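Biologist: I should like to learn how to read the surface and the interior of a protein model. Might we go through it one feature at a time?

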Amino acid sequence: MGLSHLNKETVRPLIAIMIGVISVSTSAIMVKLIEADSGIIAFYRMLFSVLLMAPAFLIRNLHELKTIQKRDWLFSIIAGVFLAFHFILWFDSLRYTSVASSTVLVTLQPLFAIAGTFIFFKEPIYLKTVIAGLIAIIGSVLISWGDFKVGGLAFYGDLLALIACALVTGYMLFGQEVRKRVSLTTYTILVYTTSAVTLLFYNLIRGESFGHYSAMTWFWFLMLAIVPNLLGHNLFNWALKWVSANAISIAILFEPVGASILAYFVFKESLTATQVLGGIIVILGITLFVIDISKVKKIISKKLLITEKK
């Protein structure tokens with residue numbers, strides 16, 4: 001009984017989180033393997049995600065569309081547009097800078113979110129957040145400075161990654177309001193569909209080709225929807241039943257680590273000293289932000305009391 005409880009409460013969620021981190025780490029690698037424009041890659045990622053989710057949505061959640069308020073429709077559409085351009089710019093950034101730099105800079109999203117909630121929702125900013133933000137910014141500057149010395153194109157890629165980070169923050173800020181009233185599956189379908197439609201028109205305006213790709217390219221389009229989108233993020237959502245959102249947030253910080261390791265073996269991308277140092281500093285800053293210090297202090301205090309009693 002105790003062992004099965006332990007497996008359910010700790011082992012299974014941890015395995016799910018590990019697989020989730022590995023899954024999302026493959027995103028940047030797949031994008032670099034696909035020989036197509038960033039807008040096309042993003043379009044098929046969203047389109048295949050919608051098609052794969054559609055059967056479950058139609059069976060279980062279709063009725064929910066009738067109850068969605070106009071404000072939630074509007075916010076979902078805006079979130080979908082933000083997500084579409086996030087993917088375009090992030091995928092573009094991978095053409096100019098390294099996988100390591102791009103993925104690390106995109107992990108700054110929690111700090112962008114704090115700035116957004118302060119500006120738009122007037123939520124207070126605490127000292128811990130300011131310190132964490134300053135640490136992460138120092139790390140970002142180190143990464144960008146290292147890339148700037150390598151070449152102007154790498155620095156340009158870093159800027160694209162930062163803008164992509166700001167866009168995904170906008171997507172999440174609009175989404176958090178809608179998610180209070182709309183189920184995860186319905187919200188995801190609405191946002192992904194809006195994103196796919198936005199990307200469809202974006203590619204039509206640019207005159208991009210929607211076909212004539214190799215079988216391997218179509219395979220990577222599909223895998224990009226299945227592995228990082230549906231498998232990775234769904235595993236995180238499933239694990240939330242047993243672990244805290246903060247634990248998931250910390251786990252996601254290892255995406256740049258996994259992506260960098262994969263990039264080394266797949267593309268032979270080596271890391272500079274400034275990239276490594278800057279990446280470590282960024283991850284430390286974000287970790288400080290997501291960790292609940294008060295809970296950590298309570299745990300330490302309890303362990304000290306137990307030790308003293310012994």
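**A nonpolar patch and two buried residues**

Modeller: Let us begin at the surface, where F118, I119, F120, I125, L127, V130, I131, L134, I137, V141 and W145 form a nonpolar patch with about 1100 Å² of accessible area together. Two elements, α5 (109-121) and α6 (127-150), each give two or more residues to this patch. Please bear in mind that the model is predicted.

Biologist: Which element supplies the largest share of the nonpolar patch?

Modeller: Helix α6 does, with 7 residues. One residue of the patch is I131, which lies in helix α6.

Biologist: Is I131 buried, partly exposed or exposed?

Modeller: The general idea is that a residue is buried under 20% relative accessible area and exposed over 50%, with partly exposed in between. I131 counts as partly exposed because its relative accessibility is 39%.

Biologist: May we apply the reading to T26?

Modeller: T26 has a relative accessible area of 16%, so it is buried. This residue belongs to helix α1 (residues 2-33). Leaving aside neighbours within four places in sequence, T26 is in contact with V227, P228 and L262.

Biologist: How should one read a charged residue such as E64, and where is E64 placed?

Modeller: One looks at its burial and at its partners. E64 sits in the loop between α2 (38-60) and α3 (70-96). E64 is buried yet has no salt bridge. A salt bridge would need a side-chain nitrogen of Lys or Arg within 4 Å of a carboxyl oxygen, whereas the nearest side chain of opposite charge to E64, that of R179, is 7.0 Å away.

Biologist: Which side chain is joined to that of E64 by a polar contact?

Modeller: The side chain of S183 is, through a polar contact of 2.7 Å. If neighbours within four places in sequence are set aside, E64 is in contact with R181, V182, S183 and T186.

Biologist: How many helices and strands does the protein have?

Modeller: There are 13 helices and 0 strands. Of the 310 residues, 46% count as buried.

Biologist: What do the contacts and the exposed area of the protein add to this picture?

Modeller: For contacts, one asks how far apart in sequence the partners are. Among contacts between residues at least 6 apart in sequence, 89% join residues at least 24 apart. As for area, the protein exposes about 16500 Å², of which carbon and sulfur atoms supply 72%.

Notes: Residues are numbered from 1 along each chain as its sequence is written. This is a predicted model: local features need pLDDT of at least 70, side-chain atom pairs count only at pLDDT 80 or more; totals for chains, interfaces and linings use all residues. Side-chain values use heavy atoms; hydrogens and water are left out. Patches are made of residues with over 30% relative accessible area and no salt bridge: like charges are joined within 9 Å, nonpolar side chains (Val, Leu, Ile, Met, Phe, Trp, Tyr) within 5 Å. Accessible areas come from the Shrake-Rupley method with a 1.4 Å probe; for residues, only the protein chains shown count as cover. Helices (H or I, at least four residues) and strands (E, at least two) are DSSP runs, numbered from the N terminus. Buried means under 20% relative accessible area, exposed over 50%, partly exposed in between (1.4 Å probe, protein chains only). Lys and Arg count as positive and Asp and Glu as negative; His and the chain ends are not counted. A polar contact is a pair of N or O atoms within 3.5 Å; within protein, one must be able to donate a hydrogen and the other to accept it, and residues adjacent in sequence count only if both atoms are side-chain atoms. Contact means heavy atoms within 4.5 Å.
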